[in-house]
Every structure is written in C-alpha cells, then in structure tokens.
Amino acid sequence: MMKVVIAGGGTAGWMAACGLSSRLASLLDITLIESDEIGTVGVGEATIPPMRNFHRLMNIDEQEFMRETQATFKLGIEFDNWGDIGDSYIHSFGEIGQRSWMAEFHEFWLEAQAQGFGGSLEDYCLELKAAKAGKFATSVDDTRLNFAFHLDATRYAKYLRKKSEKAGVRRVEGLIKQVQKDPQSGDIKALLLDSGELIEGDLFIDCTGFRSLLLGESLGVEFDDWSHWLFSDRAIAVQTESIAEPVPYTRAIAHPSGWQWRIPLQSRVGNGIVYSSRFMSDDEAKQTLLNNISGKMITEPRYIKYRTGRRQKSWHKNCVALGLASGFIEPLESTSIHLVMTAIIRLIRLFPFGDSSTALADRFNQESTTEIETVRDFVILHYKQTNRTDTDFWNAYRTMDIPDTLAHRLDIFKKNGYVWPDDVALFRVDSWVQVMMGQGLKPQGFHSAGKLTGKESLLQSLAKMADSIDKKVEKLPTHQQFIDHYCAAPKAD
Ligand SMILES: Cc1cc2nc3c(=O)[nH]c(=O)nc-3n(C[C@H](O)[C@H](O)[C@H](O)COP(=O)(O)OP(=O)(O)OC[C@H]3O[C@@H](n4cnc5c(N)ncnc54)[C@H](O)[C@@H]3O)c2cc1C
C-alpha cells in the first residue's frame, strides 16, 4: 500500500488528511505528524462558497460541522474605506440580476442609469440585500442562497482530525528534526523526529506552514516574492467577546496604512489587522486594532510575520506542498483555505499511482499557478483601484505598476464595461464587477444590449427583479434565528 506522510497538522494538514482518507482510504496508508511545540498559525476563519463542495466530497454534515466549529454563515465581505474614506460596498457571493447571452446584467443596469432609472446595483442581489438586513436562510421560496462560513480555525482542525483518525489516519506527535533524501533521485525517503522515530513514505505532503520545511528548506524550491504588489508582511490577531448578534458577512475595514478584519462566530469575534512594516510599526498597528474592536478581549494580541508570494512549484519530486508551505496571499478575499481545498481535489485527481509522476506534477503546478495568480490579481485590484490619497501607503498602491493580466482587465472594463470570468472559475463576473465598481471604477462605455430592450421594458424588468428580491428578504429569518434553528443539537431518539 502506498505510504503518504503529511507533515503538519494545521488547517492544511488536517484538510489533506480528511480529504485523502475520505476518498482513497483503502489505497493509502496515511500518517500525519504535528508538533504541539510549534503549534499552528491559529487564524484563517473566513471562507468562500466552494468550501461546501469540499465538505460534500468529505461527507461532512454541514450542521454538525457548524456546531463543532462555532461557525456562522457568510454571504460576502463588506469593504469600508477602500475606494475612498467613507465608502462602503459589499462583495457578495450572489448573482446580480439576470444576464443575457449577449451582455452581462451590469451593462443593462448601466443603460438604465444613463436613462435616469435603475436604482443601485445592490438592489438586484438577494445575498447582498439579505446580508445588509442581517438575515439568512439556506433557501427562500425556490431560490438557494450562495454562502460560505466563518469558523473557528482551531476547532476546525480538531474536527477534521477526529474524522481523519476515524477513517484510519495515524497521527504522530513530534518535532521533525531532519528530512532524509535519496542521494540518487533526490526524493524524500523519510522524516526523522526528535524522538528518534523515522517515518518513511512514498509521497510527502508538506503542510508545515510558512517554514515550508520539506518543499522549501529541504528540496530548495525557490520562493517568488510578490511584496512589490502586495506590501503587507504582518498581522496581529485578537479575539473578543460578541456584543451583538453576528452579521452574515466578513468586514474588511481599511485604515490609513493597512486594514482590519472582523469575523463573527457563534461564540466570539475574530479580529485582526493586516499591515506593512514599511508603512506602520507594530505598536501603531496594535493600537489601531485595539482602538477599533468592540467587546472585551479574550486573547492576547498575536503577532504573525509573513512573506507574500508562492513557491515556484507546489509539487516537486515526491513532495506536494499545501497551504502556507506553498505560498500566501493576504486574507482580504478569504482565499487561502480555498486554495488548500482545490489543491487537495487536484491531487486526488492527479494522484501519482503510476511509476513516473513528472507529467502529473507539471500539470498540477500549471493549474496551481493559474489559480494563485488569479487570486493575486483580484486582491491587488482592491488596493490599486482606489481614490485614497491620504497616506504614503495608499499613494504607493495607487501609483504602482500591476501585473499585465490585471492591467488588461481594468483597461477593458474602464473603456468598455466588459468583464469575463477568470480562468479557474473562482471569481465570477459578478465578483469582478462588484469590486471594480465598489472601488469607484465606472466604465466609460458598455454594451448596447440595454438599448435593444427599450426603456419601458427595461424599467419594468428591473423593477420586477428588485421587488422580487425585497419580498424574499422580507421572508428570511434573522441570521441568529437561522443559526439557532440550524445548529440546534440533534434530538435523541
Ligand atoms: C493573518 C492571517 C489571516 C488569515 N485569514 C484567513 C482567512 O480568513 N481565510 C482563509 O481562507 N485563510 C486565512 N489565512 C490562511 C490560513 O490561516 C491558512 O491557509 C491555514 O490556516 C493553513 O495553514 P497551514 O496548515 O498551512 O499552516 P499552520 O497552521 O502554520 O500549520 C503548520 C503545521 O506544521 C507543523 N510543523 C511545522 N514545523 C514542524 C516540524 N518541524 N515538526 C513537526 N511539525 C511541524 C505545525 O505544528 C503545524 O501543525 C490567514 C493567514 C494569516 C497569516
């Protein structure tokens, strides 16, 4: 039986253990090594909707998962002070209006705006209006909502551990002291623990976090640094008591030099500030964070340092890196856990059962590159497309060069209002539109499909869509009411 060794037991390690054991248990012998001495990064609490597909693959019961991780629902992210001080918009997970094969909904709406009607683009998105109203249900009438979760990262890893161990994964507690390689092939043969135990394997999954102990340190795969596009290199996290019912969205509040997250769970709130040491000291960052939290602190501030970028390959020799060991882009769009999840699915699909895995590794690396570059571009958009001129931080972002791929996208949208989904189907057209417009970018031109519709017909169909959404939002329970109902302990038989 093929031996798989997972190094690291953070979110990435246990997601890998759970994913592989739930799908390939009878073909693999899986061992996970983690070290209490080192611990996990302990953050990573906001997710995006595809996580639900991953949970379905792992046969995870959503209600049980929510109870175990103190999770709440998430319909999008609210961005405050990003386009300019005082601005606010929501990047929601919902569909906006109805598109036609010829043009996207925002182009019909832009035509309506030009003719003096149509209200706000937000009026045409159920998830967005529900989020603003603090309401939630998984579906209303015949419409299913598109949603994700806020979760407790430590509880999530424990929950996945329980499931993985039940499916046969062996857990070893200990510090990896040495990575032993085959001198001929350069493949990893075994990991030596401080206890003296030697863990041998055929495939090694590096989930050792920022250390990237196997792929980076031992196999020497270089790191591509993206800090010239994304300046932040530090975060401080702190948990507080809840003082109000949880809102069904993440908050990303921009500050003069950095931004702050607020993630409401059932039992507490996760807060943190992301900043660049070039523009703000640790003390200033801490003070900014503490001045902007509500509720009593229940943990001491935790300092995290990181580099933005990625390893040039995620799969090299017989080692695949997942999570922070393969790269990191700041959590503005809650994409890291998602990238772990898609990498696990990709690994299961391309699993190296045969003799030679080089072609599989190449394919894996190619897909991973496209995916993370998409995330990179989307996150850069939030910084580059700003009208803020109040600090060196925002001025540096506003005037910096950006990747050609993003420059091309912005140029076409600005001139023609045209948007296309990204190559890996992560950010839909509606995501790009919400963020570009939310950041203050208004297209100068757009498709004339709205003119073909005729004013009266356009007016009526927009009014009908907005009215139908309002009626659905009215019917929804509050987020808290829905959580109480959905996460209630199952009744004993
Ligand atoms: C500030 C911040 C905020 C974030 N917010 C989000 C978010 O909202 N949403 C999101 O999707 N993602 C977020 N992320 C990313 C998310 O936290 C990670 O993707 C996720 O937690 C996976 O981490 P990991 O398992 O790769 O690493 P870690 O949690 O660091 O785990 C590393 C593991 O390796 C083990 N290890 C390391 N060295 C050794 C050794 N020598 N011997 C034995 N074991 C070892 C450790 O013990 C640990 O178990 C955030 C990250 C940061 C830094």
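Which helices and strands each supply at least two residues of the shell around the ligand?

## Around the ligand

Let's start with that shell, keeping in mind that this is a predicted model. Helix α1 (11-24), strand β2 (28-34) and helix α9 (336-349) are the elements that each bring in at least two residues of the shell.

Altogether, 38 residues sit around the ligand, and the ones that come nearest are Gly8, Gly10, Gly44, Gly209 and Gly323. If you sort the shell by residue class, you get 19 nonpolar, 16 polar and three charged residues.

## Three domains, and where the ligand sits

Now step back to the whole chain. The domain assignment splits the protein into three parts: domain 1 (2-72 + 151-227 + 309-374), domain 2 (98-142 + 378-475) and domain 3 (234-305). So where does the ligand lie with respect to domain 1 and domain 3? Both of these domains give residues to the shell, so the ligand lies between them.

Domain 1 and domain 3 also touch each other: 13 residues of domain 1 are in contact with 16 residues of domain 3. On the domain 1 side of that contact you'll find six nonpolar, four polar and three charged residues. The C-alpha centres of the two domains are 27 Å apart.

## A covered helix

Next up is helix α13 (residues 429-438). Is it mostly covered or mostly open? Mostly covered: nine of its 10 residues are buried. Here is the buried set: Asp430, Ser431, Trp432, Val433, Gln434, Val435, Met436, Met437 and Gly438.

What does the covering? The elements packed over these buried residues include two strands, β4 (76-80) and β5 (88-92), along with the helices α4 (105-114), α10 (358-384) and α12 (404-416). After α13 comes glycine 440, and its phi is positive, near 100°.

## A three-stranded sheet

Finally, look for a small piece of sheet. In general, strands of a sheet pair through backbone hydrogen bonds, either parallel or antiparallel. Which kind of pairing, antiparallel or parallel, does the sheet β14-β20-β23 have? Antiparallel, and the sheet is an open one of three strands in that order. Its edge strands are β14 (223-225) and β23 (327-328), each of which pairs on one side only.

You can zoom in on one of these pairings. Strand β14 runs antiparallel to β20 (residues 309-311), and three bridges link the two. For one partnership to find in the structure, start at aspartate 224: its bridge partner in β20 is arginine 310.

Definitions and conventions:
Residues are numbered from 1 along each chain as its sequence is written. This is a predicted model: local features need pLDDT of at least 70, side-chain atom pairs count only at pLDDT 80 or more; totals for chains, interfaces and linings use all residues. Domain bounds come from an automatic or database domain assignment. Two residues are in contact if their C-beta atoms, placed from the backbone, lie within 7 Å. Ala, Val, Leu, Ile, Met, Phe, Trp, Tyr, Cys and Pro count as nonpolar, Asp, Glu, Lys and Arg as charged, and the others, Gly among them, as polar. A residue is near a molecule or strand if its C-beta atom, placed from the backbone, lies within 6 Å of it. Helices (H or I, at least four residues) and strands (E, at least two) are DSSP runs, numbered from the N terminus. A residue is buried if 20 or more other C-beta atoms lie within 10 Å of its own, exposed if 12 or fewer, and partly exposed in between; C-beta atoms are placed from the backbone. Two strands pair if DSSP finds at least two bridges between them.
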